[in-house]
Amino acid sequence: MRKARAKKRILLPDPRFSDQLVTRFVNGLMLHGKKGTAFKIFYDAMDIVGEKAEDSSPLEVWKQALTNVMPHVEVRSKRIGGSTFQIPIQIRPDRKVSLAIKWMITATKKRNEKSMAQRLAAEVLAASKEEGAAYKKRVDVHKMAEANKAFSHFRV
């Protein structure tokens, strides 16, 4: 590589929960640089989650949902001798979080509740109970890795 590796930027914690992971999620949720709107959607969703899950705090439910969606292995394509193999590989911790955030937001956008906050709240509640589209995506990725574990000796 010709250039130096880019430095990791330190995110500021969000105003309500004082958590950097929330800021990272909101950055993924944000469209067209409208961070205030993204924070409003997230906080409204957390209020809805708080009403529906009285036994624990909404932040704990959200973190549990994110943990349930995080994949542990993924498959990468590698060309060996004219054929392409799907090789299962362990995922780095920061990539686990990135994939979980991306999958949660994608699944949220595909839901059909009225507002984005309601969609996000529903997806968070579903993922915390190990249900929903984001959790299904994780299960599918793990199944793919399990099916291709015979090729794990070809590590990338």
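Two residues are in contact when heavy atoms of each lie within 4.5 Å. By that rule, and leaving aside residues up to four places away in sequence, F25 touches F42, W62, L66, I101, M104, I105 and L120. The model is predicted. F25 is a good place to enter it.

First, the frame. The protein has six helices and two strands. From the N terminus the order is α-α-α-β-β-α-α-α. The C-alpha trace spans about 55 × 40 × 25 Å along its principal axes. Contacts reach far along the chain: of those between residues at least 6 apart in sequence, 62% join residues at least 24 apart.

Next, the inside. Of the 156 residues, 37% are buried. The largest nonpolar core holds 37 residues, and F25, F42, W62, M104 and V124 touch the most other members. The elements that supply two or more residues to this core are α1 (20-29), α2 (35-52), α3 (58-69), α4 (93-110), α5 (116-128) and α6 (132-147). Helix α4 gives the largest share, eight residues.

Now the rings. A pair of aromatic rings is described by the distance of the centres and the angle of the planes. The protein has six aromatic pairs. How are the rings of F25 and W62 arranged? Their centres are 5.4 Å apart and their planes stand at 85°. Planes over 60 degrees apart count as edge-to-face, so this pair is edge-to-face. The pair also links distant parts of the chain, with F25 in helix α1 and W62 in helix α3, 37 residues apart.

Are F25 and W62 buried or exposed? The cut-off for buried is under 20% relative accessible area. F25 has 0% relative accessibility, so F25 counts as buried. W62 also has a relative accessible area of 0% and is therefore buried.

A further pair joins F42 and Y43. Their ring centres are 6.0 Å apart, the planes make 65°, and the pair is edge-to-face. F42 is buried because its relative accessibility is 0%. Y43 has 12%, so Y43 counts as buried too. Ring pairs link F17, F25, F39, F42, Y43 and W62 into a cluster. F25, F42 and W62 also appear among the core residues that touch the most other members.

Last, the outside. The accessible surface comes to about 10,000 Å², and carbon and sulfur atoms account for 53% of it. The protein carries 32 positive and 16 negative charges. The mean positions of the two sets are 14 Å apart.

Notes
Residues are numbered from 1 along each chain as its sequence is written. This is a predicted model: local features need pLDDT of at least 70, side-chain atom pairs count only at pLDDT 80 or more; totals for chains, interfaces and linings use all residues. Side-chain values use heavy atoms; hydrogens and water are left out. Helices (H or I, at least four residues) and strands (E, at least two) are DSSP runs, numbered from the N terminus. Buried means under 20% relative accessible area, exposed over 50%, partly exposed in between (1.4 Å probe, protein chains only). Accessible areas come from the Shrake-Rupley method with a 1.4 Å probe; for residues, only the protein chains shown count as cover. Lys and Arg count as positive and Asp and Glu as negative; His and the chain ends are not counted. The place of a charge is taken as NZ of Lys, CZ of Arg, CG of Asp or CD of Glu. A nonpolar core is a set of buried Ala, Val, Leu, Ile, Met, Phe, Trp, Tyr and Cys residues joined through side-chain atoms within 4.5 Å. Rings of Phe, Tyr and Trp (its six-membered ring) pair if their centres lie within 6.5 Å; planes under 30 degrees apart count as stacked, over 60 as edge-to-face and the rest as tilted.
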